[in-house]
Structure formats: C-alpha cells, structure tokens
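Please open the model in your viewer and keep the selection panel at hand. The tour moves from one selection to the next, and at each stop it says what can be found there.

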Amino acid sequence: MNTALLYDPIFLNHDTGAGHPERSQRLSAAHDLISSQAWFNNLHHLKPEKAQLGWVREIHDSAYIDRVAQACEQGLRHLDTPDVTICKASCEVALHAVGGVLAVADEVMSGKADNGFAMIRPPGHHAEANLAMGFCLFNSIAIAARYLQKKHGLERILILDWDVHHGNGTQHIFEQDASVFYISLHQFPHYPGTGALGETGIGAGQGATLNCPMSAGLGDEHYGQAFKEIILPRARMFAPDAVLISAGFDAHFADPLGAINLDSQSYAWMTQMMMELADQCCDGRLVSVLEGGYDLSALAESVTQHVKALSQS
C-alpha cells in the first residue's frame, strides 16, 4: 500500500502559549515516534503549500477569512472564543494546513498514493463557516470534501469523524447537503454540546448526517458495535466516491480532554474498517486528517497505529 504522509515543521509555528492543550509538541511527539518506525521511509512523503483562498471560500465566509488574517496580523491572542488562541503566524499556518490536506487529496486522486494522512495543526472540525472555536480556524476536511467535488469531479463524499468531540462545524456546513454524508462517533454529552442522535440533517440534507453519541466510559466493544451495525451499513448504502476521516485521537483512555476508553490499537482496527469500506466503494480512495489528541504519548502511539494500518494492506 502506497500511503502519503504530509508533515512540515511550519505547523509548529502556531503558538498557543504555555499550558494550552493544542500545542506544537503534539506534532513533534507524533513525528518523532512515527519516524522511528522501520516502515517510515516507505511512506510517500509530502510537504504542504499554502491553500488558495478560493478553495477556503468554498466553505468559509470571505469576511471571516479576512477577520482571521487581520486578527493574526494585529497580534491578537484570541479569536471569537477563549479556547482559540492565535499568534501572528496562525493564519499562515492554518492555510498551509488546508493546503496540505488538499495536497494529499491530489496524490490520492492521481493514483500516486493509495491513501494518505495529513499530520497538521491547527485542527479544523469545530470551525464554522464564520466562527472560530474549539482550537480550530479553518475547517480543512470540509474544504477537502468540496475540493474533491469541484476540482476532481467526485459526487458523493463520506466524512467519518472519530474525534472524541463532535465536529459541529463540519456537520453544520453540510447539514443541508445530501452529497456529503457526515458520520460522527463522539462522547455525549460533551463539548461542544452538539451531536445528539436526533441530529440527522436538514431539508435536502435530511438523512445525510449520522451521529453515534457515546457515553463516558465506553470503549472498543461499543465502538465496534456502532461500526458493524450502524456506520458501515449506512456508509455502504451511500456508496461514497471518496472516504475522509477526521482523525482525532482524544477518545484514548489517557487523553485529558475526554472520557472514552479506546486504546492505541483501537485506531488500527477502526482504520482497517474504513479502508475496507473505501476498497468496496471507491477504489480505496481515503484521506485522513489529524484533528484532536492531547496526551503526547497516547497521540504518538495512536497516530503510529493509524498510519501503520493505512500503509499495510
């Protein structure tokens, strides 16, 4: 399996300050462990370019994009919500994060890679069309979904979000759009308060949102049941042209921001299930994007298991 891995030290330049859980050491720890693996050099290594603003505008309001840029230029430390800490470099870094995800999508669509993982920060799935929240500035995976449709001509995109926090931004962006099927497993009730079972889409998008809320303390057994009985059957019925994963690793039992009891190996079997789905529906086309994960050791181990599974057929 030819797996693309996108990483660049530019992502370390988004400075969130002392004590912030979404810190640059997350990527350093993950990259240090993954680069020590015997199979690391067999990966298809990519570097990001800054995303063209036209693609960002497919998802985010122009006024919001301008506001992000201006806040960073002015040296503000927070944007919109207290948990979104920024610095002068944050907008530039976030645009490279988006560009990195699109680069992975291009490699997969060209056939140069079978699948890929974008190891980026800041994360994106909480970002709304016009609001920064939950450590997120630009919703990279939402932009990638629209990019695959408009640049590469795909019709149906599936997004699976297994971050412990519900991806409110991604859901809201696509909740009236039947061409993007958003599925989320997340702790509930928990931040950001969205993602109830009854949230299934609006209007033309009714039925194209599937939430699988999980109570605190649940683990592999319940996640496995959700995959086998609910997620995979519904996903196969949708028959996506590409599979995207919002890959947060904060449902790990060691994570300080969640209370779900997955372990690092859980991310291997979940990855394998999504690869099988992609093989069945869309010639294996799968793009994964780093979201959360805040215990450094747990994140590094989980990312390594995820990429190992992606790269081994």
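At what angle do helix 4 (residues 90-110) and helix 5 (residues 140-150) pack, and how far apart are their axes? Select both, and you will find that they pack at an angle of about 40 degrees, with their axes 9 Å apart; here axes are lines fitted to C-alpha atoms, for helices over the stretch in contact, and angles run from 0 to 180 degrees between N-to-C directions.

Before going on, please note that this is a predicted model, in which local features need pLDDT of at least 70 and side-chain atom pairs count only at pLDDT 80 or more, while totals for chains, interfaces and linings use all residues. Residues are numbered from 1 along each chain as its sequence is written, and side-chain values use heavy atoms, with hydrogens and water left out. Helices (H or I, at least four residues) and strands (E, at least two) are DSSP runs, numbered from the N terminus.

**Helix 4 and helix 5**

With this angle, helix 4 and helix 5 are oblique to each other, since angles under 35 degrees count as roughly parallel, over 145 as roughly antiparallel, 65 to 115 as roughly perpendicular and the rest as oblique. Their crossing is right-handed; a crossing is called left-handed if the near helix is turned anticlockwise from the far one by less than a right angle, and right-handed if clockwise. To see the contact (heavy atoms within 4.5 Å), select Ala-97, Val-98, Val-101, Leu-102, Ala-105, Asp-106 and Met-109 in helix 4, together with Ser-140, Ile-143, Ala-144, Tyr-147 and Leu-148 in helix 5. Coloured by class, this contact shows ten nonpolar, one polar and one charged residues, where Ala, Val, Leu, Ile, Met, Phe, Trp, Tyr, Cys and Pro count as nonpolar, Asp, Glu, Lys and Arg as charged, and the others, Gly among them, as polar. An α-helix has 3.6 residues a turn, so residues three or four places apart point the same way.

**Helix 7 and helix 8**

Next, select helix 7 (residues 220-238) and helix 8 (266-282), which pack at an angle of about 10 degrees, with their axes 12 Å apart. That angle makes helix 7 roughly parallel to helix 8. Residues of helix 7 that take part include Tyr-223, Phe-227 and Leu-232, while those of helix 8 include Trp-269, Met-273 and Leu-277. By class, the contact holds ten nonpolar, three polar and three charged residues.

**Helix 8 and helix 9**

Keep helix 8 selected and add helix 9 (residues 296-311); the angle between helix 8 and helix 9 is about 30 degrees, and their axes are 8 Å apart. Helix 8 is therefore roughly parallel to helix 9, and helix 8 passes helix 9 in a right-handed crossing. Here Tyr-267, Ala-268, Thr-271, Gln-272 and Met-275 of helix 8 meet Ser-302, Gln-305, His-306, Ala-309 and Leu-310 of helix 9. This contact has five nonpolar, five polar and no charged residues.

**Helix 9 by itself**

Now leave helix 9 selected alone, and ask how many of its 16 residues are buried. Twelve of them are, so helix 9 is largely enclosed by the rest of the structure; buried means under 20% relative accessible area, exposed over 50%, and partly exposed in between (1.4 Å probe, protein chains only). The buried residues of helix 9 pack against several elements, among them strand 1 (3-6), helix 1 (25-34) and strand 10 (286-290).

**Leu-158**

Move on to Leu-158, which lies in strand 6 (residues 157-161) and is buried, with a relative accessible area of 0%. Apart from its neighbours within four places in sequence, Leu-158 has contacts that include Phe-181, Ile-183, Phe-238 and Met-274. Measure from its C-alpha atom to that of Asp-241, and you will find 7.9 Å between two residues that are 83 residues apart along the chain.

**Details of the backbone**

Finish in the loops, beginning with Pro-122, between strand 5 and helix 5, where the peptide bond from Arg-121 is cis, with omega near -5 degrees. Another cis bond joins Tyr-191 to Pro-192, with omega near 5 degrees. Asp-80, in the loop between strand 3 (78-79) and strand 4 (81-85), has a positive phi of about 70 degrees although it is not a glycine, and Asp-80 is partly exposed, at 36% relative accessible area.

Terms used. The expected span of a helix is 1.5 Å times one less than its number of residues.
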